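Thanks for sharing this one. Here are some notes to read alongside the model, set out point by point.

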Amino acid sequence: MPYPRTRYRVAAALQVDESYLWPSESNLASLTGAELVATYPRRGDVPRDLWIELLRGAERNVDLLAFAGLFLTEEHPDWLPMLAAKARAGTRVRLLIGDPDGAQLAARDEEYRIGGGVAGRVAAVLAYYGERMPEQVEIRLHDTPLYNSIYRFDDDMVVNVHAYGVLAAFTPTMHIRRIDGAYFNTYSESYERVWASARSADDVFGRTNGPGDPQD
């Protein structure tokens, strides 16, 4: 076990909490806090390279929950080809996109007062995924109140917290890494509940997306 000063310097250099690197030195409360790798006042403040770095490192699960998440497909050229490659290599990829025929999408559009802009973004992202994703990618459409957008990459998760009337790009965002605390498990459970209630996107893509069993 390194001396305290060495632990502090290593954690500072890696920009993580000491209790993440040396959990045996921490109690349960600090383990929970250690799950918070970083917080950002706006999603736009998340380091641009982080999204692709997390996707590149994922081997078991890539899960997305958003109304659209269009920024990933439009601002990151590697997102679509890398996501497709991951699915073909055996990573379970699940995408939860807002249901174009659902009440929640219409309500969010009215909340933002952008005259159909949310529905347009959903249509665009569905077109991107429909054209580029292999059949291994599971896609469902949800009609749930979106309190948070969730992006999971194995044991890392980015959670975009929503605030009424404020576009998602301008609301707080957390980078969470699973240890033994409650943050990761809470959002993982939320994702699974939405996944179970969502409908297949067969009518949009003309293919079957079976539910399967989550790999964890």
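The points below go from the overall fold to one strand, the core, the pockets and a single loop residue.

1. Overall picture. Please keep in mind throughout that this is a predicted model. The protein chain has ten helices and eight strands. Of its 216 residues, 48% are buried. Contacts reach far along the sequence: among those between residues at least 6 apart, 73% join residues at least 24 apart.

2. Strand E4 and its cover. A good place to start looking is E4, residues 138-142, where five of five residues are buried. In a regular strand the side chains alternate between the two faces of the sheet. On E4, Glu-138, Arg-140 and His-142 point one way, while Ile-139 and Leu-141 point the other way. Both sets are buried, so the charged Glu-138 and Arg-140 deserve a look in your viewer alongside Ile-139 and Leu-141.

3. The neighbours of E4. Which strands does E4 pair with, and in what direction does each run? Strand E3 (residues 92-98) is joined to E4 by five bridges, and the two run parallel. Here Gly-98 stands opposite His-142. Strand E8 (residues 199-200) is joined to E4 by two bridges, this time antiparallel. The bridge partner of Leu-141 in E8 is Arg-199.

4. The nonpolar core. In soluble globular proteins, nonpolar side chains tend to be buried together. The largest nonpolar core in this model has 56 residues, and those with the most contacts inside it are Leu-64, Trp-79, Leu-83, Tyr-129, Tyr-151 and Phe-153. Helix H6 (residues 79-88) gives the largest share of this core, six residues.

5. Leu-64 in detail. Leaving aside residues up to four places away in sequence, Leu-64 touches ten residues that you may like to display together: Leu-72, Trp-79, Arg-94, Leu-95, Leu-96, Ile-97, Tyr-129, Ile-150, Tyr-151 and Tyr-191. Among them, Arg-94, Leu-95, Leu-96 and Ile-97 belong to strand E3, which spans residues 92-98.

6. The largest pocket. About 360 Å³ of space lies in this pocket. Its lining has 22 residues, with Arg-43, Ala-68, Gly-69, Arg-121 and Ala-168 nearest the centre. Helices H5 (70-75), H7 (103-112) and H8 (117-132) and strand E5 (148-153) each supply at least two lining residues, and H5 provides the largest share, four residues. By class, the lining divides into 14 nonpolar, three polar and five charged residues.

7. The second largest pocket. This one holds about 190 Å³ of space. Strand E1 (36-40), helix H4 (48-57) and strand E7 (173-177) each supply at least two residues of its lining. The residues there include Val-37, Ala-38 and Tyr-40, as well as Asp-49, Leu-50, Glu-53, His-175 and Arg-177. Seven of the lining residues are nonpolar, two are polar and three are charged.

8. A loop residue to check. Where does Asp-154 lie? Asp-154 is found in the loop between E5 and strand E6 (156-161). Its phi is near 55°, a positive value in a residue other than glycine. Is Asp-154 buried or exposed? With a relative accessible area of 9%, Asp-154 counts as buried, because the cut-off for that class is under 20%.

Key: Residues are numbered from 1 along each chain as its sequence is written. This is a predicted model: local features need pLDDT of at least 70, side-chain atom pairs count only at pLDDT 80 or more; totals for chains, interfaces and linings use all residues. Side-chain values use heavy atoms; hydrogens and water are left out. Buried means under 20% relative accessible area, exposed over 50%, partly exposed in between (1.4 Å probe, protein chains only). Two strands pair if DSSP finds at least two bridges between them. On a 1 Å grid over the protein atoms alone, a cavity is a set of points where a 1.4 Å probe fits but cannot get out, and a pocket is an open set with protein on both sides within 12 Å along at least five of seven lines; lining residues have an atom within 4 Å of a point. Grid points are joined across faces, edges and corners, and a volume is the space filled by probe spheres set on the points. A nonpolar core is a set of buried Ala, Val, Leu, Ile, Met, Phe, Trp, Tyr and Cys residues joined through side-chain atoms within 4.5 Å. Contact means heavy atoms within 4.5 Å.
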